[in-house]
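Colleague: I am new to reading models of this kind and would like to be taken slowly through one part of this one, with its surroundings added afterwards.

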Amino acid sequence: MTCANCVSTVERNLKKVNGVDAAMVNLSSERATVEYDPQQAHLEDLIARVERAGYGVATGEAELIIRRMSDDNDARRLEKALASVEGVLEAQVSFTSERARVRYVPTLVSQADLRRAVANAGFEAVETEGDFEDAERKARQAEIDEQRRLLIIGLIFTVPLFIFSMGRDFGLLPSPLAEAWWGNWLMLALATPVQFYVGWQYYVGAYKSLRNGSANMDVLIAMGSSVAYFYSLAVLLFSFGQQPAHGSMQMGGAAQHVYFETAAVIITLIKLGKFLEARAKGRTSEAIKKLMGMRARTARVLRDGQEIEIPVDQVLVGDIVTVRPGEKIPVDGVVLEGRSAVDESMLTGESLPVEKGPGDPVIGATMNRLGLLKFEATKVGRDTALAQIIRLVEEAQGSKAPIQKLADQVSAVFVPAVLAIALITFLVWFFIVPPPASGDMSAITRALIRTVAVLVIACPCAMGLATPTAVMVGSGKGAELGILFKSGQALEQAGKATIVALDKTGTITRGQPAVTDIILAGPDKSPGADGGDELQRKNDLLRLAASVEKGSEHPLGEAIYARAEELGLALAEPQGFQAVVGHGVEAEVDGRRVLVGNLKLMNERGMAVNGLAQTIDRLQQEAKTAVLIGVDGRVEGVVGVADTVKENSKEAIAELHRMGLKVAMITGDNRATAAAIARQVEVDTVIAEVLPGGKVDQVKKLQESGEVVAMVGDGINDAPALAQAEVGIAIGTGTDVAMAAAPVVLISGDLQGVARTIALSRKTLRTIKQNLFWAFFYNVILIPAAALGLLNPMLAAAAMAFSSVFVVSNSLRLRGWKPG
């Protein structure tokens, strides 16, 4: 495909297949996404339709060595099993050579899928020849190599042709050589291979485009170069036998110049542009290649009591996997034994290693830094976090941003409009503009030269590449930073947000209550007072409370128990444990009766708060829950428990303010608690006491007030509100990135990712606008310039060739973007 017109041609042809509901084609990634009814349409029908339209579908070939086939019937059965895998176009299995040859579409099927199909059929694929992952890359490389080969051939013929022609025209050649009768025949001999070998694909493309009822870039190039070539051929043939004079033939009473070098230079320069463009387009998908390259190739698993090393695609759910320090974790799982620090920066964008121990999840493709880990595989193959991320990024790169609609609409009429302008140009210069007084160029020659310049200067490619290349690079850059845009629309919309609405729990705060204060009853109860044994008394009180809460499942109890564990306190076994529903718990610890609960529980038991009334009020004003501890009938202290603010929340919200965004906090907490958190992080608007289902209404209210809302939540519980907002951002979903019902997913729980998301979106949108401005400005300025005779056709070809290279190169600058 060469331009946006090709995209619409492929889309239109795919939609003609019976059973196809929707088809979307991306020029930059060179991929088509098709939704169809498998009862009515088949993959072969879709590929046939694309090929009939004059385009090709990249396919790969692989050879598997098969074991355990006992006869030819097994070979036929395996052949059927392989052919039934989605994405396999052809499968041939030979019993005698024990080999299976498979032709497949690499974007639909992987090595793991084929191995699995062989295993499910009861056989074993012991060796693979051919790299499945690289089949698509090889197809792209083959295209680049073909463009390079044709470019070299074009240069071999065009450079001497151009030097000879210019040398003759400017009197730089010796007179016998310049006036030789065979000069124009030599130019014909040099130009013909360029015209019909190097440029043959433009003729084929033009024919197929016209056959499909449309006109693309190939039509313009084929027409422009053909006019120059066949006009020159006509001049040469009609003046055959006449004495040449400095490359001119007498025809119609005026000196007639041949333009073979113009035709050859047009094709060679455009081939150079296409070669550079193909190379640059290959770099737009480097983020995906980088993600794919992160995968471990092998895994060390425990099978039948022995540790063996196997290819990673053979790991099964439930396998026990061992990872040594410095090795990549091969698949997703849960740690069974060992402790280590794991570098997850390649997926989350977080630079600090994450501590891992028994019960903690690990993500495939992350790096084990320090200790030996044994973990149970929970997700393998296409279900791993990395596979989900790659799939999401590919889907985003293949989707269309809304801003692209303008370019598509213009591209639909662009080539017919250029043909009309070219015709008008010819008619005006031939019939209306008087010929020059010098008489060194005939009216028809002059008119044809202007027409060729118009045909060649027009560039629909730049318009077609302006948006998809920027979306590809932007979404790839996002993936490197732990930001997943699920579509081009999400990437565009995020930058338009005017207000960021944050869910409090789990977004601004940790979502897990933690002990913030331990205050003793008595004269030295103030937070700043510390006697000699103050710390010891606090720890003793916490140990008693935590011992009671040992078996508790209440979040406040868990927070107290977790703090005691953190401090390494030796807990006792509670005796006679009782839960007082809604109020607290009690038990006997080390022979002492301990009560842990709220003020109401203490009042019911007739226990005075022992001078802690003001402290309790203060804790509540600070959005903390006051948990009182009574020992042997007397309140000995109070523990403050709160859902603490994440370290980076205040800084992240400040960054959003610096970007000119308003920040609102939506929470189900009471107004006092919400206001206390809001004061800590300095949000602009607090919306408190919102029921879970009421978040959608609050988002609607913000939208009705004229705001473009970016809603940030946990992606599952907040799904309706995320869907209602113009931009839904799911945060901290961890490895279940596909679960989040939001167009943007932040893998890490760091709120600073929201500012990065909006900043990257703004930068990408700016790049798209720059590309579109260049594409439109280029055509709006240079097509009239060519029509007015201000551009030589060869200069026009050079400008056209490099216009699309400029657009792709501008998009590639996004790769170097760094969050401020």
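Does tyrosine 231 count as buried or exposed? Please look closely at that residue and its ring, and then carry on to other places in the chain that can be read in a similar way.

Modeller: Please keep in mind from the start that this is a predicted model. Tyrosine 231 counts as buried, because its relative accessibility is 12% and the limit for that word is under 20%. Its ring is also part of an aromatic pair, one of 12 aromatic pairs in the count. The partner is tyrosine 259, and the two rings are tilted, with 6.4 Å from centre to centre and 35° between the planes. This pair links distant parts of the chain, since tyrosine 231 belongs to helix H9 (residues 217-238) while tyrosine 259 lies in the loop between strand S8 (254-257) and helix H10 (260-284), 28 residues apart. Tyrosine 259 is buried as well, with a relative accessible area of 12%.

A second tilted pair makes a useful companion to this one. Tryptophan 774 and tyrosine 778 have ring centres 5.9 Å apart and planes at 40°. Here the partners share one helix, H27 (residues 752-787), and because they are four residues apart, about one helical turn separates them. The general background is that an α-helix has 3.6 residues a turn, so residues three or four places apart point the same way. The two partners nevertheless fall into separate classes of accessibility: tryptophan 774 is partly exposed at 25%, whereas tyrosine 778 is buried at 2%.

Rings also gather in a group, for Phe196, Trp200, Tyr203, Tyr229, Phe230 and Phe260 form one aromatic cluster. Elsewhere a ring meets a charge, as the charged end of arginine 450 sits over the ring of tryptophan 429, 4.7 Å from its centre.

Helix H27 appears again when we turn to helix H23 (residues 649-658), in which Ser649, Ala652, Ile653 and Leu656 are buried. These residues lie on the same side of H23, because the arc they cover around the axis is only 95°. Among the elements that cover them are strand S19 (499-503), helix H18 (504-508), strand S25 (634-645), strand S26 (662-666), helix H24 (671-681) and H27. Just after H23 comes glycine 660, whose phi is positive, at about 85°.

A positive phi is also found in two residues that are not glycine. One of them is arginine 68, with phi near 80°, and this residue is found in the loop between strand S3 (60-67) and helix H3 (72-83). Arginine 68 counts as exposed, because its relative accessibility is 57%. Another is glutamate 689, with a positive phi of about 55°, in the loop between strand S27 (685-687) and helix H25 (695-704). Glutamate 689 is partly exposed, with a relative accessible area of 47%.

The burial seen on one side of H23 can be set beside strand S29 (residues 727-731), where five of the five residues are buried. In S29 both faces are covered, with Val727, Ile729 and Ile731 on one side and Gly728 and Ala730 on the other. Strand S28 (residues 709-713) runs parallel to S29 and is joined to it by four bridges, with alanine 710 having valine 727 as its bridge partner. S29 also pairs in the parallel sense with strand S30 (residues 744-746), over three bridges, and there isoleucine 731 stands opposite leucine 746.

Antiparallel pairing is seen in an open sheet of six strands, whose order is S10-S9-S11-S17-S12-S15. Strand S10 (306-311) and strand S15 (361-362) stand at the edges, and each has a single partner strand, so one side of each is left without a neighbour in the sheet. For S15, the pairing with strand S12 (residues 332-337) is antiparallel and made over two bridges, with glycine 333 standing opposite valine 362.

A last place to find is histidine 554, in the loop between helix H19 (534-548) and helix H20 (555-567). Histidine 554 is partly exposed, at 45% relative accessibility, and its C-alpha atom is separated by 9.3 Å from that of glycine 584, which is 30 residues apart from it along the chain.

Notes. Residues numbered from 1 in each chain as written. Predicted model: local features only at pLDDT ≥ 70, side-chain atom pairs only at ≥ 80, totals over all residues. Heavy atoms only, no water. Phe/Tyr/Trp six-rings, centres within 6.5 Å; stacked < 30°, edge-to-face > 60°. Buried < 20%, exposed > 50% of the residue type's maximum accessible area, 1.4 Å probe, protein only. Lys NZ or Arg CZ within 6 Å of the ring centre and 35° of its normal. Arc of directions from axis to C-beta. Contact = heavy atoms within 4.5 Å. Pairing = 2+ DSSP bridges.
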